Amino acid sequence: MRSIIKIAAFILLIYVMPILPQAESELPLHHKRLSERALVVWTGDYMQTIATVALATDKGIVVIEASLIRKNDARIRRVIEKEFGRNDFKYLINTHYHHDHTAGNQIYSDATIIAHKNLLAGMKEELTGEGLVKLVDKFKHMLKEMEEAQEHVEPQSRDYYLVKERISSLKIVIEELQSGFVPTYPSILFEKNLTLDMGNMTLQLYSFGGMHTDSDIVIFVPEEGLVAVGDLPPDQWLPYIRKELTSDFSVTLENWGRIVESKWDIKHLNMAHSNMHLSVETFKEQYRYLHTLWEGLSEMHRQGLKIEDAKKKYTIENDFPYFKDRIVQTSKGNIHEYNIEAIWERISKK
Ligand SMILES: [Zn+2]
């Protein structure tokens with residue numbers, strides 16, 4: 001019996017051995033061409049990471065989204081250089097302040113960084129002083145959890161590789177944030193919108209605050225039919241407006257309308273997180289849903305009606321059946337009712 005166990009242990013050892021030394025190796029790199037002038041690059045096969053968009057314009061390369069790990073951004077940058085055969089990085093655009101989208105800005109310090117004016121405060125809070133200490137502690141805690149999880153996952157399973165990618169990424173980020181990290185801030189900030197004429201393409205940057213952070217922006221490149229949405233709500237959810245955010249949502253809706261009602265077709269929608277998806281159709285339906293509610297509720301408010309009347313008048317089943325099979329119920333309760341309350345609060349303050 002003992003020898004059987006020994007043999008089994010040996011077989012297990014040679015089976016697992018080739019994988020173990022790679023535990024801290026780099027995540028695989030992937031890229032996808034959207035056109036001759038547009039590219040999406042990301043890392044990893046199992047864990048979600050950030051999908052960076054790169055555009056080859058007449059006036060230099062424009063990158064949308066940095067990520068959390070400088071090492072990954074440096075590798076992504078090299079793919080962009082190789083694919084486009086040039087290295088004249090002109091702009092990096094941050095879609096919002098979150099650290100997983102801005103810690104890697106340093107890799108593009110030779111370019112001009114552009115973002116919404118509300119980004120600075122959030123980025124400073126997360127990536128300097130106490131905020132940075134907390135972030136590193138959070139990652140150390142996550143690493144401990146992952147290392148514990150690693151002992152229970154079945155070798156070669158999907159979870160095994162997922163945990164392996166997470167451990168390797170956490171080790172790198174903990175080290176990177178504690179040594180040589182320089183928070184690198186945008187120098188061009190805008191409030192409602194900003195258009196960049198890049199010769200062969202136009203970049204329309206729109207403020208989209210209120211659903212994820214108060215610094216969200218969406219980038220529309222009509223000539224490429226490309227919309228980069230950052231962390232907007234994905235396909236499977238009914239979108240929702242966060243009550244705690246203070247962005248003027250009428251500006252977000254005005255900007256959203258400009259994109260979906262543009263004469264240019266939308267062909268590609270890039271969500272920042274590599275495991276998330278948002279279809280062009282859902283993006284348009286999200287707008288129709290929130291715009292209809294906003295307009296309808298504003299009218300009801302003008303007529304002196306009550307929020308209860310609004311909740312009775314607009315239902316997902318009758319008015320927005322497109323979303324009837326999406327996630328509507330969350331820890332916040334019913335998102336549709338929550339949206340009506342969020343909109344009512346905002347229009348009551350106007
Ligand atoms: Zn985010």
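Which residues is threonine 112 in contact with, leaving aside its neighbours within four places in sequence? They are Lys90, Tyr91, Ser187 and Ile188, where two residues are in contact if their C-beta atoms, placed from the backbone, lie within 7 Å.

This is a predicted model: local features need pLDDT of at least 70, side-chain atom pairs count only at pLDDT 80 or more, and totals for chains, interfaces and linings use all residues. Residues are numbered from 1 along each chain as its sequence is written.

## Confidence and domains

The pLDDT is the predictor's confidence in each residue, from 0 to 100. For the protein chain the mean pLDDT is 92, and 93% of its residues reach 70 or more. Over residues 1–24 the pLDDT is below 50, and beyond near neighbours in sequence this stretch has seven contacts in the model. Where pLDDT is low, the predicted coordinates should not be read in detail.

The domain assignment gives domain 1 (29–125 + 184–278) and domain 2 (287–349); such bounds come from an automatic or database domain assignment. The C-alpha centres of domain 1 and domain 2 lie 29 Å apart. Their contact takes 12 residues from domain 1 and 18 residues from domain 2.

## The sheet of seven strands

Helices (H or I, at least four residues) and strands (E, at least two) are DSSP runs, numbered from the N terminus. Two strands pair if DSSP finds at least two bridges between them. An open sheet of seven strands has the order 1-2-3-4-5-6-7, with mixed pairing. Strand 1 (29–35) and strand 7 (188–190) stand at its edges, each with a single partner strand, so one side of each is left without a neighbour in the sheet. On average, neighbouring strands of this sheet are turned by 20 degrees against each other, direction ignored.

Strand 3 (residues 52–57) is largely enclosed by the rest of the structure, because six of its six residues are buried. A residue is buried if 20 or more other C-beta atoms lie within 10 Å of its own, exposed if 12 or fewer, and partly exposed in between, with C-beta atoms placed from the backbone. Thr52, Ala54 and Ala56 are buried on one side of strand 3, and Val53, Leu55 and Thr57 on the other. A hairpin joins strand 3 to strand 4 through two residues.

The table lists pairs of strands from both sheets of this report.

| Strands | Sense | Bridges | One pair of residues |
|---|---|---|---|
| strand 2 (residues 38–43) and strand 3 | antiparallel | four | alanine 38 and leucine 55 |
| strand 3 and strand 4 (residues 60–64) | antiparallel | five | leucine 55 and valine 62 |
| strand 5 (residues 89–93) and strand 6 (residues 112–116) | parallel | three | isoleucine 93 and isoleucine 114 |
| strand 11 (residues 226–230) and strand 12 | parallel | four | valine 227 and leucine 269 |

Helix 2 (residues 70–84) lies across strand 1, strand 2, strand 3 and strand 4, and runs at about 150 degrees to strand 2. For such angles, axes are lines fitted to C-alpha atoms, for helices over the stretch in contact, and angles run from 0 to 180 degrees between N-to-C directions.

Threonine 112, the residue of the opening question, is found in strand 6. With 14 C-beta neighbours inside 10 Å, threonine 112 counts as partly exposed. Proline 186 is 74 residues away from threonine 112 in sequence, and 7.0 Å away in space, C-alpha to C-alpha.

## The sheet of five strands

A second open sheet, of five strands, has the order 8-9-10-11-12, also with mixed pairing. Its edge strands are strand 8 (193–197) and strand 12 (268–271), each of which pairs on one side only. The twist averages 15 degrees from one strand to the next. Helix 7 (residues 249–260) packs on this sheet and touches strand 8, strand 9 (202–207), strand 10 (217–221) and strand 11. The direction of helix 7 makes about 150 degrees with that of strand 9.

Glutamate 261 is found in the loop between helix 7 and strand 12. This glutamate 261 is exposed, with 9 other C-beta atoms within 10 Å. Glutamate 261 and lysine 284 are 23 residues apart in sequence and 9.1 Å apart in space, C-alpha to C-alpha.

## The core

A nonpolar core is a set of buried Ala, Val, Leu, Ile, Met, Phe, Trp, Tyr and Cys residues joined through C-beta atoms within 7 Å. The largest one has 79 residues, and those with the most contacts inside it are Leu55, Val62, Val63, Val218, Ile219 and Val227. This core draws at least three residues from each of domain 1 and domain 2. Leaving aside its neighbours within four places in sequence, isoleucine 219 is in contact with Ile64, Ile93, Leu203, Leu205 and Ala228.
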